[in-house]
Amino acid sequence: MRKKLLLVAVLGFVAAQGHSDPPATLVRLSDRFDYPIGKPDALGYRMSRGFTPHGHLGEDWVGDGGSGTDFRDPVFSIGNGIVTLARDFRRAWGNVVVIRHAFIEQGQVKYADSLYGHLDRILVREGQSVGRGEQIGTIGNAHGLYAPHLHFEMHKNLSIGVCHTAFPGDLTNYYVPTEFLNAHRSLQAGSRVAALALNSYVMPTFPGIPAMPPLQGSDFLINTR
Ligand SMILES: [Zn+2]
């Protein structure tokens, strides 16, 4: 019964968006954020390369046994959210998943995107609702471009997607991923939902890669699990 009521609320919400507004949906608030590997605390993994402003805009994670020991290990969503990108960017990034999260901070609803790069396999699709700790893919090597590792980013700016060059690579646009996780291990959430804007990315063009079609609002009629 509760599921049905929520679905009615979602459909009403989507219908109220109108044609000119960007597509939007509802998402379960994140109750906490966990590490994307060795959940919940990155057990068995270590950071091999950290975040540097205007340089490496995320963190690289590998198995404790060193690069290669983690190939095809599971990668998990750090929190509840909606998959906003799940695409193969070929030898630019390999397979990439981006998940958008809503959470309460100082009494206000805030949003962040988590990005998981160089995946061997993508196990989710755009528009899918995911829960914290749900497997979204496996650690990969970006089609042989790198030694296997997870490249993990946290975006404050919800327009970045995979287009680093369109925005300054600083802390106004990015979080230091582990700092974000460690500061958001326990959150006020309950079973509440929040409105979530979609289709906000500047879609990149890479040499030899077909232009990325924008995300469609109809892709985001969500399930409520
Ligand atoms: Zn990296």
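User: In this predicted model, which residue of β11 is the bridge partner of serine 114?

Analyst: The model is predicted. β7 and β11 run antiparallel and are joined by five bridges. Across from serine 114, the bridge partner in β11 is methionine 154.

User: Which separate core includes Met154, and how many residues does that core have?

Analyst: Met154 belongs to a second core, separate from the largest one. Leu57, Tyr174 and Tyr175 are also among its members. The core's residue count is six.

User: How far is the C-alpha atom of glutamate 179 from that of methionine 154?

Analyst: Glutamate 179 lies in helix α4, residues 177–183. Along the chain, glutamate 179 and methionine 154 are 25 residues apart. Their C-alpha atoms are separated by 9.9 Å.

User: Is glutamate 179 buried or exposed?

Analyst: Count the other C-beta atoms within 10 Å of glutamate 179: there are 12. The cut-off for exposed is 12 or fewer. Glutamate 179 therefore counts as exposed.

User: How many bridges join β6 to β7?

Analyst: These two strands run antiparallel. One facing pair is histidine 101 and alanine 112, the latter in β7. The number of bridges joining β6 to β7 is 10.

User: Which residue takes a positive phi in the hairpin of β6 and β7?

Analyst: The hairpin has two residues between its strands. Most residues other than glycine have a negative phi. Here phi is near 50 degrees, and the residue is glutamine 106.

User: Which element gives the largest share of the largest nonpolar core?

Analyst: This core has 39 residues, and Val75, Val96, Val97, Tyr116 and Leu150 touch the most other members. Elements giving two or more residues include β1, β3, β4 and β5. β7, β11 and β13 do so as well. The largest share is six residues, and it comes from β6.

User: Which residues of the stretch from 135 to 139 does valine 75 touch?

Analyst: Set aside residues up to four places away in sequence. Valine 75 then touches Pro36, Ile37, Tyr116, Leu119 and Leu150, among others. In the stretch asked about, its contacts are Gln135, Ile136, Gly137, Thr138 and Ile139.

User: What is the strand order in the open sheet of three strands?

Analyst: The pairing in this sheet is antiparallel. β4 (74–76) and β8 (121–122) are the edge strands, and each pairs on one side only. The order is β4-β10-β8.

User: Which residue in β10 is the bridge partner of proline 74?

Analyst: β4 and β10 run antiparallel. Three bridges join them, with β10 covering residues 135–138. The partner of proline 74 is threonine 138.

User: Why does tyrosine 201 count as buried?

Analyst: Tyrosine 201 sits in the segment after β13 (193–197). Beyond four places in sequence, it touches Leu85, Ser159, Gly161 and Cys163. The cut-off for buried is 20 or more other C-beta atoms within 10 Å. Tyrosine 201 is buried because its count within 10 Å is 20.

User: How far apart in space are tyrosine 201 and asparagine 157?

Analyst: In sequence the two residues are 44 apart. From C-alpha to C-alpha, the spacing is 9.8 Å.

User: Which residues does the cis peptide bond join?

Analyst: Most peptide bonds are trans. At this one, omega is about 0 degrees. Proline 40, one of its two residues, is found in helix α2, residues 38–42. The bond joins lysine 39 and proline 40.

User: What is phi of alanine 42?

Analyst: Alanine 42 is also in helix α2. It is partly exposed, with 17 other C-beta atoms within 10 Å. Its phi is positive, in a residue other than glycine. The value is near 65 degrees.

User: Where is histidine 143, the residue with a positive phi of about 60 degrees?

Analyst: Histidine 143 is not a glycine, yet its phi is positive. It is partly exposed, with 16 other C-beta atoms within 10 Å. Its place is the loop between β10 and β11.

User: What share of the residues score at least 70 in pLDDT?

Analyst: The chain averages a pLDDT of 84. Over residues 5–19, pLDDT stays under 50. Residues 217–225 also stay under 50. The share scoring at least 70 is 79%.

How values were computed:
Residues numbered from 1 in each chain as written. Predicted model: local features only at pLDDT ≥ 70, side-chain atom pairs only at ≥ 80, totals over all residues. Helix = DSSP H or I, 4+ residues; strand = E, 2+ residues; numbered from the N terminus. Pairing = 2+ DSSP bridges. Contact = placed C-beta atoms within 7 Å. Core = buried A, V, L, I, M, F, W, Y, C linked by C-beta atoms within 7 Å. pLDDT = per-residue confidence, 0-100.
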